[in-house]
Amino acid sequence: MAKILAVTNQKGGVGKTTTAVNLSACLAELGQRVLLIDLDPQGNATTGCGVVKRVALPTVYQILIGRSTIADTRLVTEFGFDVLPANRELAGAEIDLIDIAQREYRLRDALVGLRGEYDFVLLDCPPALNMLTVNGLVAADAVMIPMQCEYYALEGLTDLVATLKKVRGNLNPVLEIEGLLRTMFDPRSTLTQQVSRELEGHFGAKVYRTIIPRNVRLAEAPSYGKPVIAFDRSSKGAQAYLLLAEEILERRASARGRGASSGELGVAP
């Protein structure tokens, strides 16, 4: 059964889309069946997969309002994984969902029956707590939180954890934090090193061992419509995301060996 991971952070510019696209490609490289769902009206994950978002129809929008199914919407990318595209029309979902019953569960319900077709479903959530993000958090088994190691990121993380606890308490009782991913990491910065140590001290094993460095090739790859592993496999960015994919598979194998989860969100109060 697929593991559904919401890649989320209420703070923008922390590498959510970069992580969603490149992790999808690297998991596929390792033989996993992957579906990437673009929940951001900007559609950056869509273009990062080589899909022209202005002509991509239907999209996630049609799925959320009940006019299409995932089977009719998903596209097969040349990089070994499937994608549910998004474009600007997804911005209208917030209004269109107002009068729809159980609107928080639209994506979760659409995914019923698809879990057996994939090993991982990655959700690229927008940098805001809106109905699109809520749909992602309700549909997910766990969240991956990309974050930069800077002061404001710590403040934002506190707010995000509070949000996740509310979602878990009211909408999705099985939601967990899969892990915190340190992105755009510059080891030369004293503050970066300090914040990284604080994360490890507070969140422990929830912090991924793998660190994503600042890397020019990671920034260039989206303009070519490719994950970095297809753009420059030898780059530090590509190698880091391959290591992350391997670590996630290790964690999943370990979790299966332990059996059921603890039933906690996985962070200190």
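**Exercise 1. Aspartate 232 and its partner**

Decide whether aspartate 232 is buried or exposed in this predicted model, and then find which side chain meets that of aspartate 232 in a salt bridge.

*Solution.* Step one is to look at the relative accessible area of aspartate 232, which is 18%. Step two is to compare this value with the cut-off, since buried means under 20% relative accessible area; aspartate 232 is therefore buried. Step three is to look for the partner: the side chain of aspartate 232 meets that of arginine 217 in a salt bridge, with 2.8 Å from N to O. Step four is to place both residues, and here aspartate 232 lies in the loop between H11 and H12 while arginine 217 lies in helix H10 (residues 216–220), so the pair ties together parts that are 15 residues apart in sequence. Arginine 217 itself is partly exposed, because its relative accessible area is 30%.

**Exercise 2. Pairs that link distant parts of the sequence**

Find how many salt bridges a search of the whole structure gives, and work out which parts are tied together by the pair of arginine 233 and glutamate 29 and by the pair of glutamate 178 and lysine 3.

*Solution.* A general idea comes first: side chains of opposite charge can pair when their charged atoms come close. The search of the whole structure finds 14 salt bridges. In one of the pairs, arginine 233 forms a salt bridge with glutamate 29, and their closest N and O atoms are 2.9 Å apart. Arginine 233 lies in the loop between helix H11 (228–231) and helix H12 (236–258), whereas glutamate 29 lies in helix H1, so this pair ties together parts that are 204 residues apart in sequence. Arginine 233 counts as partly exposed at 40% relative accessibility, and glutamate 29 is also partly exposed, with a relative accessible area of 43%.

The next pair is glutamate 178 and lysine 3, whose side chains meet in a salt bridge at 3.3 Å, N to O. Because glutamate 178 lies in strand S7 and lysine 3 in strand S1 (residues 3–7), the pair ties together parts that are 175 residues apart in sequence. Glutamate 178 is buried, with a relative accessible area of 13%.

**Exercise 3. Positive phi values**

Determine where glutamine 102 and methionine 184 lie, and state the phi value of glutamine 102 and of methionine 184.

*Solution.* Begin with glutamine 102, which is found in the loop between helix H5 (93–96) and helix H6 (106–111). Its phi is near 55 degrees, a positive value in a residue other than glycine, and glutamine 102 counts as exposed at 52% relative accessibility. Turn then to methionine 184, which lies in strand S7 (residues 176–185). Methionine 184 has a positive phi of about 50 degrees although it is not a glycine, and at 28% relative accessibility methionine 184 counts as partly exposed.

**Exercise 4. The second largest pocket**

Describe the space in the second largest pocket and say which element gives the largest share of its lining.

*Solution.* The second largest pocket holds about 310 Å³ of space. Its lining is made by 22 residues, and the closest to its centre are Gly15, Lys16, Thr17, Thr18 and Asn44. Helix H1 (16–29) and helix H2 (44–48) are the elements that give two or more residues to this lining, and the largest share, five residues, comes from H1. Sorted by class, the lining of the second largest pocket has nine nonpolar, ten polar and three charged residues.

Terms used: Residues are numbered from 1 along each chain as its sequence is written. This is a predicted model: local features need pLDDT of at least 70, side-chain atom pairs count only at pLDDT 80 or more; totals for chains, interfaces and linings use all residues. Side-chain values use heavy atoms; hydrogens and water are left out. On a 1 Å grid over the protein atoms alone, a cavity is a set of points where a 1.4 Å probe fits but cannot get out, and a pocket is an open set with protein on both sides within 12 Å along at least five of seven lines; lining residues have an atom within 4 Å of a point. Grid points are joined across faces, edges and corners, and a volume is the space filled by probe spheres set on the points. Helices (H or I, at least four residues) and strands (E, at least two) are DSSP runs, numbered from the N terminus. Ala, Val, Leu, Ile, Met, Phe, Trp, Tyr, Cys and Pro count as nonpolar, Asp, Glu, Lys and Arg as charged, and the others, Gly among them, as polar. Buried means under 20% relative accessible area, exposed over 50%, partly exposed in between (1.4 Å probe, protein chains only). A salt bridge is a side-chain nitrogen of Lys or Arg within 4 Å of a carboxyl oxygen of Asp or Glu.
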